[in-house]
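Me: I would love a close look at a single part of this model, with its surroundings filled in afterwards. Could you begin with one residue and the residues it touches, and then work outwards from there?

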Amino acid sequence: MLNTYNTLETVINEVRSSRLGVYDANDKVRASGEHFSVYSPQGDRVTLDGQIYVGAEVLEFDILSDGNVDYDTLPSAIKGTGWTLLYSGEIIESVLASLRYQLPEFDNNLVLKAIDYYCEYDCFYDFKDSGLNAGKLGDR
C-alpha cells in the first residue's frame, strides 16, 4: 500500500483493519507496522474518493551554507508535482483510536470529519460531551 496512489477511503479502511500503520485495532504496536503519510494536490479539498498518494514518512534535511536547515518532507514520486502533505499516518491512527474509544460504530465520513477537526483544533472531538469541544464538527 505504501508509495501508491489511492483514495483516502482505502487508506482509512486499511488502517481500520490493521493492514496499514503502526498500531492495530486494539492500539497495540504491530511488529510489521510502518509509519506513513498521505499527500494530496495542494489546495484541493480532500474527499474519501479523491486521489491521494500514500508514502513512507519522509523527513530529510540539509544544512545550508548560511547555517539554516532546509527540510524536505515529500517522497520523490511527488516532488515538483504541486502535491503537499495532507495528514501523517499518526493523525489518522490517533483519530481512529479516539473514535473506537468513544463510539461503538462509525463510518468513514465521520472519520474524515474527526480528522479535519483534529487538524483544525489540535485536539480530538468529544462525542460524549460536546460542551468540551473547541468548535463544531465540520460538515462534509
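Reply: Happy to. Let's begin with Asn108, which touches Glu9, Ile12, Asn13, Arg16 and Leu48 when residues up to four places away in sequence are not counted. Asn108 is found in helix 3, and that helix covers residues 108-121. Helix 1 runs over 8-16, so Glu9, Ile12, Asn13 and Arg16 all fall inside that range by the cut-offs used for helices. With a relative accessible area of 7%, Asn108 is buried, because buried here means under 20%. Please keep in mind throughout that this is a predicted model.

Now for the chain as a whole. The protein chain has three helices and six strands, and along the sequence these follow the pattern β-α-β-β-β-β-β-α-α. The C-alpha trace spans about 50 × 35 × 30 Å along its principal axes. Of the 140 residues, 36% count as buried, and Asn108 is one of the buried residues. Among contacts between residues at least 6 apart in sequence, 55% join residues at least 24 apart. The chain exposes about 8300 Å², with carbon and sulfur atoms supplying 46% of that area. As for charge, there are 11 positive and 23 negative charges, and their mean positions are 8 Å apart.

Next, the sheet. Four strands form an open sheet in the order 1-3-2-6, with antiparallel pairing. Strand 1 (4-7) and strand 6 (83-88) stand at the edges with a single partner strand each, so one side of each has no neighbour in the sheet. From one strand to the next, the twist averages 40°.

Strand 2 deserves a longer stop. It is mostly covered, as five of its six residues are buried. Strand 2 (residues 36-41) pairs with strand 3 (residues 51-56) in the antiparallel sense over four bridges. Two places along that pairing can be followed by eye: Phe36 has Ala56 as its bridge partner in strand 3, and Ser37 stands opposite Gly55 in strand 3. Strand 2 also pairs with strand 6, again in the antiparallel sense, over five bridges. There, the bridge partner of Tyr39 is Leu85 in strand 6.

Helix 2 brings another element to these two strands. Helix 2 (residues 89-102) lies across strand 2 and strand 6, and runs at about 35° to strand 6. Ser98 lies in helix 2 and is buried, with a relative accessible area of 14%. Leaving aside neighbours within four places in sequence, Ser98 is in contact with Phe124 and Tyr125.

From there we can move on to the segment after helix 3 (108-121), where Gly138 has its place. Gly138 counts as partly exposed, at 38% relative accessibility. The C-alpha atoms of Gly138 and Asp126 are separated by 13 Å, and these two residues are twelve apart along the chain.

Two backbone details are also worth a look. Asn3 has a positive phi of about 60° although it is not a glycine. Asn3 lies in the segment before strand 1 and is partly exposed, with a relative accessible area of 46%. Ser18 also has a positive phi, near 65°, and is a residue other than glycine. Ser18 lies in the loop between helix 1 (8-16) and strand 2. At 19% relative accessibility, Ser18 counts as buried, because the cut-off for that label is under 20%.

To return to where we started: Asn108 is in helix 3, is buried at 7% relative accessible area, and has Leu48 among the residues it touches. If you go through the view again, Asn108 with Glu9 and Arg16 makes a good starting point, followed by strand 2 with strand 3, strand 2 with strand 6, and then helix 2 lying across strand 2 and strand 6.

Terms used. Residues numbered from 1 in each chain as written. Predicted model: local features only at pLDDT ≥ 70, side-chain atom pairs only at ≥ 80, totals over all residues. Heavy atoms only, no water. Buried < 20%, exposed > 50% of the residue type's maximum accessible area, 1.4 Å probe, protein only. Contact = heavy atoms within 4.5 Å. Areas by Shrake-Rupley, 256 points an atom, 1.4 Å probe, with all protein chains shown as cover. Lys, Arg positive; Asp, Glu negative; His and termini not counted. Charge placed at Lys NZ, Arg CZ, Asp CG, Glu CD. Pairing = 2+ DSSP bridges. Axes fitted to C-alpha atoms, helices over the stretch in contact; angles between N-to-C directions.
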